[in-house]
Structure formats: structure tokens, C-alpha cells
Amino acid sequence: MTRRTIGRGGALAAAVSAALLVSALAPTTAVAATPTVSCTSAKDGLAAKLKKDITAALAGRKSTVAVGLYDRATKTSCTLRAAHSYDSASTVKVTVLAALLWDAKKHNRYLTSTEQSLATAMITKSDNAATSKLWKQLGTTKIKGFLSAAGMTRTVPGSGGYWGLTQVNVRDEQRLLSLVTAGNSVLSDNARAYIRKLMGQVVSSQRWGTPAGVPSSVSVGVKNGWVQRSTHGWRVHSLGTFQGAGHDYAITVLTHDNSTMDYGVTTIQNVSQAIHKALVPTGPGTTRFTPTSRPSEALVPVPPQG
């Protein structure tokens with residue numbers, strides 16, 4: 001048998017060839033693409049217009065934005081970062097009220113006068129103390145029970161009593177708004193009407209965000225939230241329900257990485273104005289809602305230096 005000896009030069013060439021072969025055969029690691037707006041609609045041309053207009057509204061904005069839209073009338077849906085998680089801030093107050101009503105339904109009872117007072121303060125004025133009382137009364141077990149019943153499977157309640165740090169996402173928030181605005185087995189018709197009533201009575205200084213640009217012929221329900229933390233800057237969010245002018249739709253816009261509260265508000269309102277204009281065109285003489293120039297919202301408690 002003849003032994004073949006490879007010199008140093010030959011060994012190096014062989015090693016390089018082998019490395020190149022492995023490199024060529026190895027799967028390449030794709031660079032994650034920036035998420036883009038996705039829209040569908042039963043109405044010709046509407047999906048394309050919404051995608052274009054929402055994308056334009058977000059052009060140049062430095063926030064990390066998630067968007068959800070669904071209109072039952074035209075079977076129109078738009079999403080952006082639907083599964084991305086955000087600290088809820090005060091938007092979780094709608095979930096707290098829905099959980100309270102869901103639990104009352106399970107026990108075949110009405111809300112007490114105290115619960116009604118707390119619920120009204122929590123939604124219409126974004127009262128934090130009222131929210132804390134109802135959160136403590138329900139407890140994490142009942143909150144999770146409601147989330148499971150509602151199909152809000154990716155929402156995680158805030159721990160240690162920090163309900164404003166509940167992890168929320170567009171998919172689940174749109175699911176919640178769907179339960180609030182259409183008949184279902186989770187919330188009774190009276191409960192849904194009660195939630196919509198309170199969301200329609202939010203004080204004027206907190207009626208910003210998703211209602212921006214909505215026609216006067218459309219009824220509005222809204223709940224907003226904001227909080228600043230050491231990472232991701234200002235979280236600024238808005239949930240809205242809209243019915244009228246032949247439409248029945250809900251909008252969720254969640255944002256963080258905002259440099260200021262006002263920056264986040266502007267981002268949300270840019271998106272919302274684009275949606276309302278595309279979805280509900282108006283003729284001469286129809287007015288569109290202009291939000292307060294001095295928006296306010298309750299700053300929810302967070303851990304020290306959090």
C-alpha cells in the first residue's frame with residue numbers, strides 16, 4: 001500500500017477548500033425585515049389605500065408602533081406588529097372593567113353601587129386609586145380567568161400590584177374591543193353597553209389618540225394610557241371604538257420608544273386620522289374631531305427606578 005503525504009501547502013489548500021464548501025452549504029442567516037402594515041378588505045381598493053396611508057403616517061416616526069384595525073361593515077383589517085408586547089399603562093383599565101363584569105355574570109349578580117362608582121372613575125377619569133381597588137378585589141386568578149375566557153392568551157397581568165405593567169399586544173386588545181362591541185358568550189349585552197357607555201364619557205382632556213379625525217356622524221369610545229420608564233422611553237397607547245356612518249370599527253395603537261409623551265400622542269393621531277379619512281370619507285359640511293391640544297392621562301405606578 002502506498003502512503004500519500006500532503007505537504008504544508010497542500011494541507012492549507014485543502015482546509016480552505018473544505019471551509020469554503022461548508023460555508024456554501026450552510027444556511028444563510030436572514031436579516032430580520034422591518035415589519036410592514038398588512039391590510040385586507042372586502043371593499044375594492046380600500047386595503048391598498050389604508051396600507052399606503054398608514055405607512056405614510058408612520059414615515060419618519062422613531063416610535064416602535066403596533067396598529068390594529070377591524071371594520072365589520074367592510075370586513076376590513078389592518079395590522080402592524082400585532083404580537084409585539086407593550087406595558088399597558090392605563091389601557092388595561094378596560095380589561096379590569098370587563099373582568100369585573102365577567103365575574104359578576106358568573107355569580108349572577110349586578111355590580112354594587114361602590115363597584116359602579118369605582119368603574120366610572122376608572123374609565124371616565126382614569127382614576128388610579130379606583131383601579132387599584134378593583135384590581136385587588138378581583139385578584140390575579142380572576143383576571144387570568146377572564147383573559148382565558150376572552151381568548152386574550154398573550155396578555156400577562158402585571159405582578160406585585162403593578163397593573164399598569166400588564167403586558168398587552170394589538171391582537172388581544174382588538175379581541176377585547178370586539179367583545180365590547182358585538183354579542184358574545186363572555187360579556188352580556190348589558191355589560192357591553194355599560195363598557196361602551198363609560199368609554200363614551202371619558203373627560204375631554206383624555207379624548208385624544210384614536211378619535212383624532214373621526215367624523216361627527218360616528219359615535220366614539222376611547223381609553224388611553226401613558227407611562228415613562230427607563231427603557232423604551234414613553235409608552236403612549238390608545239384604544240378606540242367607532243360606530244356610525246355605515247361603519248362599526250375598532251382601532252388599537254400601541255407605541256413605545258417615544259422621546260416625549262407629546263411625540264407618542266402625535267404618532268397615534270397621525271395614524272388614526274389616516275384611518276378615519278380612508279375608511280369614512282366625508283362630504284362638504286361634515287366636521288372631523290380635533291382632539292385637545294393639551295392631552296392628559298394618569299401616570300400609572302411603576303417600580304422604583306423602573
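**Close-up views of a predicted model**

**View A. Helix H4 passes helix H5 in a left-handed crossing.** The model shown here and in the other views is predicted. The axes of H4 and H5, the latter spanning residues 128-150, come within 8 Å and cross at roughly 125°. H4 and H5 are therefore oblique to each other, since the angle lies outside the range of 65 to 115 degrees for roughly perpendicular and is not over 145. From H4, the residues that meet H5 are Glu115, Leu118, Ala119, Ala121 and Met122. Their partners in H5 are Ala130, Thr131, Lys133, Leu134 and Gln137. Sorted by class, this contact of H4 with H5 has six nonpolar residues, two polar and two charged.

**View B. Helix H4 packs against helix H7 at an angle of about 50°.** The axes of H4 and H7 are 9 Å apart. That angle makes H4 oblique to H7. On the H4 side the contact is made by Gln116, Ala119, Thr120, Ile123 and Thr124. H7 contributes Tyr194, Leu198 and Met199. The residues of the contact of H4 with H7 divide into five nonpolar and three polar, with no charged residue.

**View C. Helix H7, residues 189-199, is shown with its buried residues.** These buried residues are Ala191, Arg192, Tyr194, Ile195, Leu198 and Met199. They cover an arc of only 160° around the axis, so they fall on the same side of H7. An α-helix has 3.6 residues a turn, so residues three or four places apart point the same way. Asp189 and Asn190 are exposed, and they sit on the face of H7 turned away from its buried side. Several elements take part in covering the buried residues of H7. Among them are three helices, H3 (92-106), H4 (113-124) and H6 (170-181). Strands E6 (219-228) and E7 (234-244) are also included in this cover.

**View D. Thr95 is shown in helix H3.** Thr95 has a relative accessible area of 5%, which means that Thr95 is buried, the cut-off being under 20%. Neighbours within four places in sequence are left aside in listing the contacts of Thr95. The contacts are then with Phe146, Leu147, Met152, Glu173 and Leu176.

**View E. Asp71 belongs to strand E2, residues 64-71.** Its relative accessible area is 0%, so Asp71 is buried. Asp71 and Asp248 are 177 residues apart in sequence, yet 5.5 Å separates them in space, C-alpha to C-alpha. Asp248 is also one of the contacts of Asp71 once neighbours within four places in sequence are left aside. The others listed for Asp71 are Thr76, His247, Tyr249 and Leu279.

**View F. Asp53 lies in helix H2, residues 46-58.** Asp53 and Ile275 are 222 residues apart in sequence, and their C-alpha atoms are 7.5 Å apart in space. Not counting residues up to four places away in sequence, Asp53 touches Ala274 and Ala278.

**View G. Arg81 has a positive phi of about 50°, although it is not a glycine.** Arg81 is found in the loop that runs between strand E3 (76-80) and strand E4 (86-87). Because its relative accessibility is 25%, Arg81 counts as partly exposed.

**View H. Asp257 has a positive phi of about 65° and is not a glycine either.** Asp257 is placed in strand E8, residues 247-258. With a relative accessible area of 29%, Asp257 is partly exposed.

**View I. The whole protein, with eight helices and eight strands, is given as context for the close-ups.** Of the 306 residues in the protein, 48% are buried. The contacts counted next are those between residues at least 6 apart in sequence. Among these, 70% join residues at least 24 apart. The pair Asp71 and Asp248 in View E, 177 residues apart in sequence, gives one case of a wide separation along the chain.

Conventions. Residues numbered from 1 in each chain as written. Predicted model: local features only at pLDDT ≥ 70, side-chain atom pairs only at ≥ 80, totals over all residues. Heavy atoms only, no water. Buried < 20%, exposed > 50% of the residue type's maximum accessible area, 1.4 Å probe, protein only. Helix = DSSP H or I, 4+ residues; strand = E, 2+ residues; numbered from the N terminus. Arc of directions from axis to C-beta. Contact = heavy atoms within 4.5 Å. Axes fitted to C-alpha atoms, helices over the stretch in contact; angles between N-to-C directions. Parallel < 35°, antiparallel > 145°, perpendicular 65-115°, else oblique. Left-handed = near helix turned anticlockwise from the far one by under 90°. Nonpolar A, V, L, I, M, F, W, Y, C, P; charged D, E, K, R; others polar.
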